[in-house]
Amino acid sequence: MKILALDSSGLVASVAVIEDDRLTAEYTVNYKKTHSQTLVPMMDAIREMTELKLDTIDAIAVAAGPGSFTGLRIGSATAKGLGLALGKPVIPVPTVDGLAWQMYGTDKLVCPIMDARRSQVYTGLYEFTRTQADPDAGYELHVIREQCAVMIDEIAALCNAQNREVIFLGDGVPVFRDRLKELLLVPYTFAPAHRRMQSAAALGVYAAELWKQGKYQTAAEHQPDYLRLSQAERERMEKEKRLPGDAMGSEEMSREVTNGEAPEGASV
């Protein structure tokens, strides 16, 4: 099976081609250019270098969210456009799951953290398990906490409750490293640079596992999963709640703030 994998969910832009159990090519850039400038040229470079005919791919894997709203739109639009043009299915890979797959085979807990702003992270908690004694059977990714958007204190508390060593990776590491050092009561480590950020190669390999489980869709069906509202949508909702005549909305907001809780849509 041949998979074209795309990841533009975070700071990194990454494209890869996986064929059966072989990584044919990967192109990853972590530089100050927008994904709209890099993703398609990177894909074209791989296509030319490997003499890839796009109509020979079987599916397109894409980091489906959460992540950067703009990045997700670019990646999903690219995958959707290719899928529609070529008549190929799309394998939507949860971004945080794809990040966790980079730590394949570890006996430690895996906790990806992506900076979601407002002191929040896109995160989840995972472990790799074996259901069979046969080494050829490989490992399965077991989800302890599904990908979510939470405060860094909440995911640190969940890690502490597991009483096991944890590996952290993702672009949230440099942002929250010092805070995690204050919060964690269990042994922990941070993934090295070559394993820390998104990788289309890892995404593509994990996508092959999802394909076996029937977790794919038509290109027309595909939509990114943002997990929370965009900043513009949050600001619009806050503005609507403050409009004159919306007394109930104003009272609810006042009560939530008084109770120390954030208004719905304001800090998700």
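Me: Contact, in what follows, means heavy atoms within 4.5 Å. With that in hand, which residues does Gly-75 touch, not counting those up to four places away in sequence?

Reply: This is a predicted model, by the way. Gly-75 touches Leu-6, Ser-8, Leu-39 and Val-62, once residues up to four places away in sequence are set aside. Each of those pairs therefore has heavy atoms within 4.5 Å. Gly-75 itself is found in helix H2.

Me: Why is Gly-75 called buried?

Reply: Its relative accessibility is 2%, and buried means under 20%, so the label fits. There's also a long-range neighbour: the C-alpha atoms of Gly-75 and Ser-9 are separated by 7.3 Å, although the two residues are 66 residues apart along the chain.

Me: And what makes Ser-8 count as buried?

Reply: Same cut-off test: 4% relative accessibility is under 20%, so Ser-8 counts as buried. Ser-8 lies in the loop between strand S1 (2-7) and strand S2 (13-19). Leaving aside neighbours within four places in sequence, Ser-8 is in contact with a set of residues including His-35, Leu-39, Leu-72 and Ile-74.

Me: How do you know that the side chain of Ser-8 makes a polar contact with the backbone oxygen of Gly-71?

Reply: A polar atom of the Ser-8 side chain lies 2.7 Å from that backbone oxygen. The cut-off for such a pair is 3.5 Å, so the distance qualifies. The backbone nitrogen of Gly-75 lies 3.2 Å from a polar atom of the Ser-8 side chain, so that distance also falls within 3.5 Å.

Me: On to backbone oddities. What makes the phi of Arg-117 stand out?

Reply: Phi there is positive, about 70°, and Arg-117 is not a glycine. Most residues other than glycine have a negative phi, so a positive one gets flagged. Arg-117 sits in the loop between strand S6 (109-115) and strand S7 (120-129). With a relative accessible area of 59%, over the 50% mark, Arg-117 is therefore exposed.

Me: Why does Asn-163 count as exposed?

Reply: Because its relative accessibility is 65%, and exposed means over 50%. Asn-163 has a positive phi as well, near 55°, and lies in the loop between helix H4 (152-162) and strand S9 (166-169).

Me: What kind of peptide bond joins Gly-65 and Pro-66?

Reply: A cis one, with omega at about 10°. Most peptide bonds are trans, so this kind is worth a look. Pro-66 is found in the loop between strand S4 (59-65) and helix H2 (69-86).

Me: How do you know that both faces of S9 are covered?

Reply: Val-166 and Phe-168 on one side are buried, and so are Ile-167 and Leu-169 on the other. That puts each of the four under 20% relative accessible area.

Me: Why are S6 and S9 called paired?

Reply: Pairing takes at least two bridges, and 4 bridges join S6 to S9, so the two strands pair; they run parallel. Pro-112 has Leu-169 in S9 as its bridge partner. S9 also pairs with strand S10 (residues 188-190) in the parallel sense over 3 bridges, with Phe-168 opposite Phe-190 in S10.

Me: What makes S9, helix H5 and S10 a right-handed β-α-β unit?

Reply: The label rests on the path from S9 over helix H5 (residues 173-183) to S10, which is right-handed; this means that it runs clockwise with the strands pointing away from the viewer.

Note on methods: Residues numbered from 1 in each chain as written. Predicted model: local features only at pLDDT ≥ 70, side-chain atom pairs only at ≥ 80, totals over all residues. Heavy atoms only, no water. Buried < 20%, exposed > 50% of the residue type's maximum accessible area, 1.4 Å probe, protein only. Polar contact = N/O pair within 3.5 Å; in protein donor to acceptor, adjacent residues only side chain to side chain.
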